[in-house]
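Me: Could you take me on a close look at how one pair of helices in this model packs together? I'm in my first year, so please go step by step, and then show me what sits around that pair.

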Amino acid sequence: MNVLYFDTTQDWIQVFIATHLAGSSLQILSEQTETTPKESSYKLVEYIRSGLEKAKINKPDLIIVASGPGSFTGIRITVTTARDLSQLWKIPVFGVDSLEAYLIGMEGEVKTEESSLLCLDGKQGKYYTKFKSERSFSDSLDLTPEIIEAKIKTNEWTPNNWYYTGNLPKFYPPTATKIEATNLNLSSILQYSLKQYFKTESNQNDYLSLLPNYIRGTYVDHK
């Protein structure tokens, strides 16, 4: 099965194509990563086209995308493109939580004994936040620095690993790791996403089922 993964929910474009065979590792066919703030609207489709050309396939058998949270415009571009291609190619599409994907992309699935905190700069003085304990992920939350700091001070969250985007949060240690497009392992993200996909019912993965994960709603909601 040939799988197409892409993500424009942050300040980057990532397009990854691989072959998945049950019981074996992924065979990477094409991988493109670029930091492109505000350019994904006209670059994404071209990246997908060139990726398929490099992979020597006409179309994939499955689309997987990071569906948010993140940039409102970036989420809209990712989800709309995925839905359009799913409908055009008549193939299933599956969305994975962006924060969960990035934690997997930074750590893989092997560091289960450690906890991690991820804070994506959500602008407006807040962070899109996810905490990974030794056994599970929290929900993706939209939090102020004060709330996050309180959870840390009361030991509700006790991270071994600290990840962020944007500027270093004031409540983070200086040794924290900044997530950038180039340090995410797309093979780990795709392998994890496929495991989640295979747990779902087939009728839950048509183009109408893919929904954006805005968390804050849309611009219309705030007017």
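**How α1 and α2 cross**

Reply: Let's start with the crossing itself: helix α1 goes past helix α2 in a right-handed way. Keep in mind as we go that this is a predicted model.

Before the details, here's the general idea. Two packed helices are described by two things, the angle between their axes and the distance between those axes. For our pair, α1 covers residues 40–55, and its axis comes within 10 Å of the axis of α2, with the two crossing at roughly 40 degrees. What do we call an angle like that? Roughly parallel would need an angle under 35 degrees, and roughly perpendicular starts at 65, so α1 counts as oblique to α2.

Now zoom in on the side where they touch. From α1, the residues involved are Ser40, Ser41, Leu44, Val45, Ile48 and Leu52, and they meet Ile77, Thr81, Leu85 and Trp89 of α2. Sort that contact by class and you get seven nonpolar residues and three polar ones, with no charged residues. The polar ones are Ser40, Ser41 and Thr81.

Next, follow the chain into α2. This helix spans 72–89, and the loop between β4 and α2 holds proline 69. There's something to spot there: the peptide bond going from glycine 68 to proline 69 is cis, and its omega is near 10 degrees.

On the other side of that loop is β4, residues 62–66, which pairs with β5 in the parallel sense over four bridges. To find one of them, look for valine 65, whose bridge partner in β5 is glycine 95. These strands belong to an open sheet of five strands, ordered β3-β2-β1-β4-β5, with mixed pairing. At its edges are β3 (27–34) and β5 (93–96), each pairing on one side only. Going from one strand to the next, the twist averages 15 degrees.

For comparison, here's another helix pair to try your new words on. Helix α3 (residues 98–107) packs against helix α5 (residues 186–198) at about 125 degrees, with their axes 7 Å apart. That angle is over 115 but not over 145, so α3 is also oblique to α5. The crossing of α3 past α5 is right-handed. Here Glu100, Ala101, Ile104 and Gly105 of α3 meet Ser188, Ile189 and Tyr192 of α5. By class, that contact has four nonpolar residues, two polar and one charged.

There's also a second open sheet to find. Its five strands run in the order β8-β7-β6-β9-β10, and the pairing is mixed. The edges are β8 (141–143) and β10 (177–178), and each of them pairs on one side only. Strand β9, residues 161–164, pairs with β10 in the parallel sense over two bridges, and tyrosine 164 has lysine 178 in β10 as its bridge partner. Helix α4 (residues 145–153) lies across β6, β7, β8 and β9, and runs at about 105 degrees to β8. While you're there, check the loop between β6 and β7, where lysine 123 sits. Lysine 123 isn't a glycine, yet its phi is positive, about 60 degrees.

Finally, zoom all the way out. The chain has five helices and ten strands, and its C-alpha atoms fill a box of roughly 50 × 45 × 30 Å along the principal axes. A compact globule of 223 residues would have a radius of gyration near 17 Å, and the chain's own 17 Å agrees with that.

How values were computed
Residues are numbered from 1 along each chain as its sequence is written. This is a predicted model: local features need pLDDT of at least 70, side-chain atom pairs count only at pLDDT 80 or more; totals for chains, interfaces and linings use all residues. Side-chain values use heavy atoms; hydrogens and water are left out. Two strands pair if DSSP finds at least two bridges between them. Axes are lines fitted to C-alpha atoms, for helices over the stretch in contact, and angles run from 0 to 180 degrees between N-to-C directions. A crossing is left-handed if the near helix is turned anticlockwise from the far one by less than a right angle, and right-handed if clockwise. Contact means heavy atoms within 4.5 Å. The radius of gyration is taken over C-alpha atoms; the globule rule is 2.2 Å times the number of residues to the power 0.38.
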